[in-house]
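Student: Please give me a close look at one part of this structure, with its contacts spelled out step by step. A short stop on the way there is fine.

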Amino acid sequence: MSELLIIKALSVTAEDKELLHEVTLTVGEGETHVLMGHNGAGKSTLGCTIMGSPEYAVTGGKIIFDGEDITAESADKRAKRGIFLSFQNPIEIPGITLSEFLRNALEQLTGKRTKLWEHKKKLKAAMELLDMDSSYADRDLNVGFSGGEKKKAEILQLLMLRPKLAILDETDSGLDVDAIKTVSKGIEEYRKSCGGTLLIITHNSGLLEGLHIDRTHILSGGKIAKEGGGELAFDVLANGFEKFTSEV
Ligand code: ADP
Ligand code: MG
């Protein structure tokens with residue numbers, strides 16, 4: 001299996017504080033990886049740095065995506081390459097509907113405008129899969145959406161935009177049991193039908209139980225403290241982090 005994302009000895013600072021120290025990890029194409037760690041361990045920092053957020057300065061190491069060094073590239077270019085980051089708190093955009101937003105985003109990514117009927121057909125199918133009421137397509141993006149609907153709208157983006165790599169940063173936070181199952185189903189569909197590669201930041205057993213996990217990485221104090229297979233994620237969920245993070 002080819003390597004889609006290679007992070008080599010990546011060190012990152014913000015406001016003169018080192019937040020990540022020589023983090024190395026590799027994600028193969030089509031794999032699902034889980035990133036765990038205490039609050040403040042640096043998980044979101046890593047996600048945002050992979051996406052190219054200007055908030056974070058890379059002071060050492062490299063990010064290789066799809067065989068190319070993207071360490072110095074803008075977030076916009078990275079998005080065009082197929083990197084997607086879903087936020088913990090999706091923003092509301094008044095004045096643009098969910099459907100228009102997705103059609104514009106697709107046009108920006110591909111350079112082509114999808115025919116409206118074609119777009120609506122694809123959107124309807126993806127929304128049905130996520131148990132989203134079809135009326136949400138014509139509502140302003142995230143405006144007045146419940147927490148669960150906002151998160152579903154993020155997963156809907158995955159199914160419609162079909163990025164090569166999806167980084168999901170606590171996409172499950174604030175969801176009820178049924179919504180987590182639906183989100184899990186959407187992620188699985190993205191993996192299967194789009195051949196998607198995932199880096200999932202979560203501590204939610206409900207989300208992980210429905211997924212095949214290839215690898216788990218535990219961050220502690222900005223460093224990789226432990227790595228293992230899918231079983232490591234469930235070990236952490238059952239027993240906590242202490243035994244893995246105490247030596248770092
Ligand atoms: P996690 O997602 O694992 O909870 P974060 O990556 O959000 O952790 O944060 C890691 C550490 O970096 C925290 O101590 C946080 O306060 C700090 N941090 C995050 N972003 C910034 C920033 N833009 N400027 C300064 N410090 C930051
Ligand atoms: Mg975070």
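Tutor: A polar contact is a pair of N or O atoms within 3.5 Å. Keep that cut-off in mind for the ligand. Keep in mind, too, that this is a predicted model.

Start at ligand 1. Threonine 45 has a polar side-chain atom 2.5 Å from an oxygen atom of ligand 1. Lysine 43 also reaches an oxygen atom of the ligand, with a polar side-chain atom at 2.8 Å. For serine 44, an N or O atom of the side chain is 2.9 Å from an oxygen atom of ligand 1. Altogether, 14 residues surround ligand 1. The closest are Gly40, Lys43, Thr45, Glu55 and Tyr56.

Now to the main part, helix α5. This helix spans residues 147–161. Take its partners one at a time.

Begin with helix α3, residues 98–110. The axes of α3 and α5 lie 11 Å apart, at an angle of about 40°. The two helices are therefore oblique to each other. Their crossing is right-handed. From α3 come Leu98, Phe101, Leu102, Ala105, Leu106 and Leu109. They meet Ala153, Leu156, Gln157, Met160 and Leu161 of α5. By class, this contact of α3 with α5 has 10 nonpolar residues, one polar and no charged.

Next comes helix α4, residues 116–129. Its axis is 10 Å from that of α5, and the angle is about 135°. That makes α4 oblique to α5. Here, too, the crossing is right-handed. On the α4 side, the contact uses His119, Lys122, Leu123, Ala126, Met127 and Leu129. On the α5 side, it uses Leu156, Leu159 and Met160. The residues of this contact of α4 with α5 divide into seven nonpolar, one polar and one charged.

Leu156 and Met160 of α5 thus appear in the list for α3 and in the list for α4.

Last is helix α6, residues 177–194. The angle between α5 and α6 is about 10°, and their axes are 9 Å apart. These two helices are therefore roughly parallel to each other. From α5, the contact takes Lys152, Ile155, Leu158 and Leu159. From α6, it takes Thr182, Val183, Gly186, Ile187, Glu189, Tyr190 and Cys194. The contact of α5 with α6 holds seven nonpolar, two polar and two charged residues. Leu159 of α5 is on this list, and it is also on the list for α4.

How values were computed. Residues numbered from 1 in each chain as written. Chains lettered and ligands numbered in written order. Predicted model: local features only at pLDDT ≥ 70, side-chain atom pairs only at ≥ 80, totals over all residues. Heavy atoms only, no water. Axes fitted to C-alpha atoms, helices over the stretch in contact; angles between N-to-C directions. Helix = DSSP H or I, 4+ residues; strand = E, 2+ residues; numbered from the N terminus. Parallel < 35°, antiparallel > 145°, perpendicular 65-115°, else oblique. Left-handed = near helix turned anticlockwise from the far one by under 90°. Contact = heavy atoms within 4.5 Å. Nonpolar A, V, L, I, M, F, W, Y, C, P; charged D, E, K, R; others polar. Near = heavy atom within 4 Å. Polar contact = N/O pair within 3.5 Å; in protein donor to acceptor, adjacent residues only side chain to side chain.
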